[in-house]
Amino acid sequence: NNFRLVSCGRKILPRGIVQAEQIINPQKLAEEIKSLLGSAQPKPIKTKNVIFSIPETKAFIRTIQIPRMTSEEAREAVKWETEANIPISLDKVYLDWQVIGSKENTEDVLVVAVPKSVVDSYSQAVVLAGLAPLAVEIDIVATIRSLSDIENNKQPVLIADIGAENTSLAICQNQIPYFTSSIPLSGKSFTEALQKEIGVGWEKAEKIKFKFGLGKMADEDMLFHIFNPLIENLASEIERSINFFSESINSNDKVEKIILSGGGALLNEFPKYLGDRLKKEIIMGNPMMNIDIKNFPYKISARDLLSYSTVIGLALRGADYED
């Protein structure tokens, strides 16, 4: 309850700097970061400390069980268990883990492994921008922190973050991710489908998409026929994720609530249609629920708020560090 928004900004990167979520030109990215910090509103951001995120698609996230043991023994057990579950040797990844639950003779451990080449390329750009990295985490973990209320989310919830490149799904409980996955569905997918079907340019398709959204989502509606296969793909993936969680991770607590995030979730009628299809409670995420913005001099649109979910989660992580 003691956080407030001081300054913020956003920048659309020119082509050729980041491609398929991989940094192609760290020097150019560093220049863009410096420009963004200087143009933030209502005042430039001058802190040098930074926490940055890695795309979920570049990481390996697993929940494993190990016997109760000493910290030293657990470290070795996690290494062995992780090596058996990821398609890359341990000497090529950064590995981190955390005990998230205990039973009588076992412990549940959340394990994250990210290729060193990915982390190093992001870190290089941050350092070139004159910043000091304090920590790095997976983007969906930061999103969970900003969108799920630890006090009121004792039951597991599914977060669907529909971004520009893909959709990240995560099932979390008490802000701990027990399951994550990604699918190649994004806001772009809806625009591209519209372009293909009605033969218009990108900008025209974007305008139609945000003006009419999912249409009436009825058989006689043109937009229904264009968008329904994409929505059905997302709904099926959500169902598979929930079933896997129930059958393999937690059979006691049911996922009844879905939180939507990302610009792609802002289409008219999207939450209603998905809720009717899945028979679940669907709510739009509110990354500002832990942030005081009443004295912030600019109004931030709902679209921008959802697109800031990950960076707000990263900033909240910064509360763990001394100035």
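**What covers the buried residues of helix α3.** In this predicted model, the elements that cover the buried residues of α3 include β3 (22-23), α1, β4 (49-54), β6 (93-102), β7 (106-115) and β8, where helices (H or I, at least four residues) and strands (E, at least two) are DSSP runs numbered from the N terminus, and contact means heavy atoms within 4.5 Å. Val-118, Val-119, Ser-121, Tyr-122, Ala-125 and Val-126 are the buried residues of α3; they cover an arc of only 165° around the axis, which places them on the same side of α3. Buried stands for under 20% relative accessible area, exposed for over 50% and partly exposed for what lies between, with a 1.4 Å probe and protein chains only, while the arc is that of the directions from the helix axis to the C-beta atoms. The helix, residues 116-128, has 13 residues that should span 18 Å at 1.5 Å a residue, and its end C-alpha atoms are 18 Å apart, which agrees; the expected span is 1.5 Å times one less than the number of residues. Just after α3, Gly-130 takes a positive phi of about 85°.

Residues are numbered from 1 along each chain as its sequence is written. Because the model is predicted, local features need pLDDT of at least 70 and side-chain atom pairs count only at pLDDT 80 or more, whereas totals for chains, interfaces and linings use all residues, and side-chain values use heavy atoms, with hydrogens and water left out.

**Confidence along the chain.** The protein chain averages a pLDDT of 88, and 96% of the residues score at least 70, pLDDT being the predictor's confidence in each residue, from 0 to 100. Among the elements, helix α1 (residues 26-39) has the highest mean, 96, and helix α9 (residues 302-307) the lowest, 80.

**Helix α5 and its packing partners.** Helix α5 (residues 187-198) has 12 residues and reaches 17 Å from its first C-alpha to its last, close to the 16 Å expected at 1.5 Å a residue. Gly-187, Ser-189, Phe-190, Thr-191, Ala-193 and Leu-194 are buried in α5, and the buried residues of this helix pack against β9 (157-162), α6 (202-212), α7 (222-249) and α8 (270-278). Gly-199 follows α5 and has a positive phi, near 65°.

**The largest nonpolar core and a separate second one.** A nonpolar core is a set of buried Ala, Val, Leu, Ile, Met, Phe, Trp, Tyr and Cys residues joined through side-chain atoms within 4.5 Å. The largest has 67 residues, of which Ile-138, Leu-158, Phe-190, Leu-234, Ile-238, Phe-270 and Leu-274 touch the most other members; α7 gives the most to this core, with 10 residues. Leaving aside neighbours within four places in sequence, Ile-238 is in contact with Leu-158, Leu-169, Ile-258, Leu-274 and Leu-278. A second, separate core of 10 residues includes Leu-5, Met-288, Ile-300 and Leu-305.

**The surroundings of Ile-138.** Ile-138 is found in strand β8 (residues 132-138) and counts as buried at 4% relative accessibility. Apart from neighbours within four places in sequence, its contacts are Ser-53, Ile-54, Pro-55, Glu-56, Ala-59, Ile-61, Val-112 and Val-114.

**Aromatic pairs.** A search of the whole structure finds 5 aromatic pairs, in which rings of Phe, Tyr and Trp (its six-membered ring) have centres within 6.5 Å, with planes under 30 degrees apart counted as stacked, over 60 as edge-to-face and the rest as tilted. The rings of Phe-179 and Phe-244 have their centres 5.4 Å apart and their planes at 45°, so this pair is tilted. Phe-179 lies in strand β11 (residues 176-183) and Phe-244 in helix α7, so the pair ties together parts that are 65 residues apart in sequence. Phe-179 is buried at 16% relative accessible area, whereas Phe-244, at 40%, is partly exposed. Phe-296 and Tyr-298 form an edge-to-face pair, 6.1 Å centre to centre with 70° between the planes; Phe-296 is buried at 10%, and Tyr-298 is partly exposed at 45%. Ring pairs also link Phe-190, Phe-227 and Phe-270 into a cluster.

**Backbone geometry in two loops.** Most residues other than glycine have a negative phi, and most peptide bonds are trans. A cis peptide bond, with omega about 5°, joins Gln-41 and Pro-42, and Pro-42 is found in the loop between α1 and β4. In the loop between β10 (167-173) and β11, Asn-174 has a positive phi near 55° and is partly exposed at 32% relative accessibility. Gln-175 lies in the loop between β10 and β11, has a positive phi of about 65° although it is not a glycine, and is partly exposed at 26%.
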